[in-house]
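Here is a friendly note to read with the structure open beside you. Take the points one at a time and find each residue as you go.

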Amino acid sequence: MQHHECIMCATAPSVSTSGSGTFALHDVQTGTTLASFKQTSAGPHSTAVVQSRNGQGGFMLAAQPDKSILNVYNFQKDQLALKIVLLEKLSCVAVDPHGDYCAAGTHQGRIYVWEIASGIMYNSWDAHYRKVAVLCFTHDGAALLSGSEDSGVSVWSMSRLLDDDLQNDLPTPYCSLSDHTLPVTDIVCGVGRFPSCRILTASVDHSVKLWDLSSKTLLTTFNFPKPITCLAWDVTERLFFAASADGSIHQVNLFRVREDKFGRAAMEAVGGAGVSDVVRINDEDERAAKKRLISVSQPVTTLAISLTSTLLLAGTAMGLIHIYDIASHQLLRTVTAHKGFTITHLTTLLRPPDLVGHLSLSLGASTEAKDGMPVRTVAPFQRMRDTKATQMNVLLSYSREELIRDHAFFVQSSDAEAGAGRPGVPLQSRVTELEGEVARLREQLGKAKGVNDVMWETVVRRMVEEGKGGKEQDVKGATPAEDSAENGRRRKRGRT
């Protein structure tokens with residue numbers, strides 16, 4: 001199978017443009033458009049993508065900024081698959097890495113959590129005082145991160161949010177990160193299982209902060225000349241990019257070279273001293289800072305790094321997608337298909353095998369196989385929480401993995417044993433043979449019951465006969481003394 005990396009972007013109309021935006025997939029090497037999904041306009045942090053994997057087609061979610069509607073698309077059709085009407089407008093959307101749960105924030109600071117396959121609302125609570133600006137799941141889906149315009153960042157444990165025993169209690173965060181002074185604009189989570197992972201948070205207060213969730217502490221603060229709007233973190237966590245509305249993209253290295261006491265070059269981590277550790281980007285060497293600065297002539301709205309960690313993608317407010325080489329900062333190409341719109345979301349993924357208008361990536365695979373790939377189920381989301389539906393879903397939930405495992409154990413193993421050493425035996429003849437065997441077993445069971453009844457009657461009859469014979473023998477064997485005593489008792493009774 002050949003894997004092709006592609007760019008997934010979402011657009012929204014700009015101030016000077018009317019109409020609706022689109023979802024689009026582009027080839028990362030050539031920039032050509034692979035597919036387009038129209039009639040949707042998603043704002044910043046209001047797009048979520050679940051990739052096609054494990055034999056199931058993926059889907060895309062887009063929260064509409066001017067309506068309380070969530071649009072659902074899948075890769076197999078270029079039309080709207082489902083329109084979910086919600087209780088209020090959403091400000092941000094996120095889906096966990098497994099594609100099981102969807103979290104959404106509102107302008108009033110409320111957060112909702114739904115199960116995607118059933119549409120059941122598992123929890124909803126007032127998480128912040130002001131608009132929830134960004135939501136993000138950890139890489140294992142065990143925690144939900146939320147950033148708000150109230151300058152706060154909260155970390156929520158998913159196990160507690162989904163626990164039925166705690167539904168009547170107001171959810172309490174695993175920790176609250178409150179060192180920012182102005183609205184939070186972006187959150188990026190590093191690799192690792194929760195809570196053994198680190199996160200980056202950006203704010204309008206010109207700072208990007210690095211946090212350690214295991215110790216719930218601030219490691220380092222990076223101060224920039226302008227407010228930061230979006231972040232992109234390398235998967236190896238050796239560097240990150242921070243973009244501003246003035247079109248500047250700063251590369252920040254988290255490791256640097258220094259000389260040890262023997263004069264040899266050694267690598268050391270940048271920062272990590274805590275609250276007092278502040279790295280000022282504009283105070284460093286001007287020549288070195290210029291090498292780590294990418295200037296874009298338009299406001300940067302979103303950033304992404306390719307799967308190979310060699311390309312940096314920057315989406316602008318004018319609808320352009322710039323692709324840079326990370327090592328040299330050289331502009332390789334620019335995608336201009338969305339000129340006049342605003343790029344609100346960027347990510348890179350492998351081209352879906354069920355993408356509309358394209359053959360499957362498997363060699364020799366037919367179009368029928370592609371069209372036959374089932375799409376992940378997305379049910380309309382509940383507007384209000386229903387406790388009975390949640391309990392029923394827990395009782396009746398049966399995952400696909402469990403079904404495959406049980407089918408392999410109970411069905412395939414039985415078929416293998418039945419047909420072992422007998423290739424080509426028709427199923428109907430095997431059924432007839434088994435029915436005949438059952439009839440013979442029933443006949444033998446009837447005979448065994450008859451023998452058992454005969455034996456039981458014989459034993460009972462012998463025991464009865466032996467009992468009668470013992471009584472007669474006792475009567476016949478009475479002694480003369482006993483007879484005289486009995487006669488004396490009869491004479492006494494006669495006199496009285």
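1. To begin, which residue's side chain meets that of Lys209 in a salt bridge? The partner is Asp179, with N and O 2.8 Å apart. Please keep in mind that this is a predicted model. The pair links distant parts of the chain, 30 residues apart: Lys209 lies in strand 18 (residues 207-212), while Asp179 sits in the loop between strand 15 and strand 16 (184-189).

2. Are the two partners buried or exposed, or something in between? Lys209 has a relative accessible area of 5%, so it is buried, the cut-off being under 20%. Asp179 has 31% and therefore counts as partly exposed.

3. How many salt bridges does the structure hold? The count is 6. One of them joins the side chains of Glu149 and Arg130, at 3.7 Å from N to O. This pair also links distant parts of the chain, 19 residues apart. Look for Glu149 in the loop between strand 13 and strand 14, and for Arg130 in the loop between strand 11 (121-126) and strand 12. Glu149 is partly exposed at 26% relative accessibility, and Arg130 is partly exposed as well, at 46%.

4. Another salt bridge to find is the one between Asp234 and Arg238, where the closest N and O atoms are 3.3 Å apart. Asp234 is buried, with a relative accessibility of 3%. Arg238 is partly exposed, with a value of 39%.

5. Now turn to an acidic residue without such a partner. Asp27 is in strand 2 (residues 23-27). Asp27 is buried but forms no salt bridge. Why does Arg351, the nearest side chain of opposite charge, not count as a salt-bridge partner of Asp27? Arg351 is 5.2 Å away, and a salt bridge needs a nitrogen and an oxygen within 4 Å, so the pair does not qualify.

6. What does the side chain of Asp27 reach instead? It comes to 3.1 Å from the backbone nitrogen of Thr30. Setting aside neighbours within four places in sequence, Asp27 is in contact with Glu5, Thr32 and Leu34.

7. Next, a sheet. In the order 12-13-14-15, 4 strands form an open sheet with antiparallel pairing. Strand 12 (132-137) and strand 15 (175-177) are at its edges with a single partner strand each, so one side of each has no neighbour in the sheet. On average, neighbouring strands here are turned by 20° against each other, direction ignored.

8. You might ask how enclosed strand 12 is. In strand 12, 6 of the 6 residues are buried, so the strand is largely enclosed by the rest of the structure. Its place at the edge of the sheet concerns strand pairing, whereas burial concerns accessible area.

9. Let us follow the pairings within this sheet. Strand 12 and strand 13 are antiparallel and share 5 bridges, and Cys136 has Leu145 in strand 13 as its bridge partner. The hairpin of these two strands has 5 residues between them, and there Gly141 takes a positive phi near 70°. Strand 13 (residues 143-148) also pairs with strand 14 (residues 153-157), again antiparallel and over 5 bridges. In that pairing, Ser146 stands opposite Ser154.

10. A further open sheet has 4 strands in the order 20-21-22-26, with antiparallel pairing. Which strands stand at its edges? They are strand 20 (228-233) and strand 26 (293-295); each has a single partner strand, so one side of each is left without a neighbour in the sheet. From one strand to the next, the twist averages 20°.

11. Inside this sheet, strand 21 (residues 239-244) and strand 22 (residues 248-253) run antiparallel and are joined by 5 bridges. Phe241 has Gln251 in strand 22 as its bridge partner.

12. Finish with Val252, which is found in strand 22. Val252 is buried, at 4% relative accessibility. Val252 and Leu239 are 13 residues apart in sequence, and their C-alpha atoms are 5.5 Å apart in space. Leaving out residues up to four places away in sequence, Val252 touches Phe222, Phe224, Arg238, Leu239, Phe240 and Ile281. Arg238 on that list is also the salt-bridge partner of Asp234.

Methods. Residues are numbered from 1 along each chain as its sequence is written. This is a predicted model: local features need pLDDT of at least 70, side-chain atom pairs count only at pLDDT 80 or more; totals for chains, interfaces and linings use all residues. Side-chain values use heavy atoms; hydrogens and water are left out. Buried means under 20% relative accessible area, exposed over 50%, partly exposed in between (1.4 Å probe, protein chains only). Lys and Arg count as positive and Asp and Glu as negative; His and the chain ends are not counted. A polar contact is a pair of N or O atoms within 3.5 Å; within protein, one must be able to donate a hydrogen and the other to accept it, and residues adjacent in sequence count only if both atoms are side-chain atoms. Contact means heavy atoms within 4.5 Å. Two strands pair if DSSP finds at least two bridges between them. Axes are lines fitted to C-alpha atoms, for helices over the stretch in contact, and angles run from 0 to 180 degrees between N-to-C directions.
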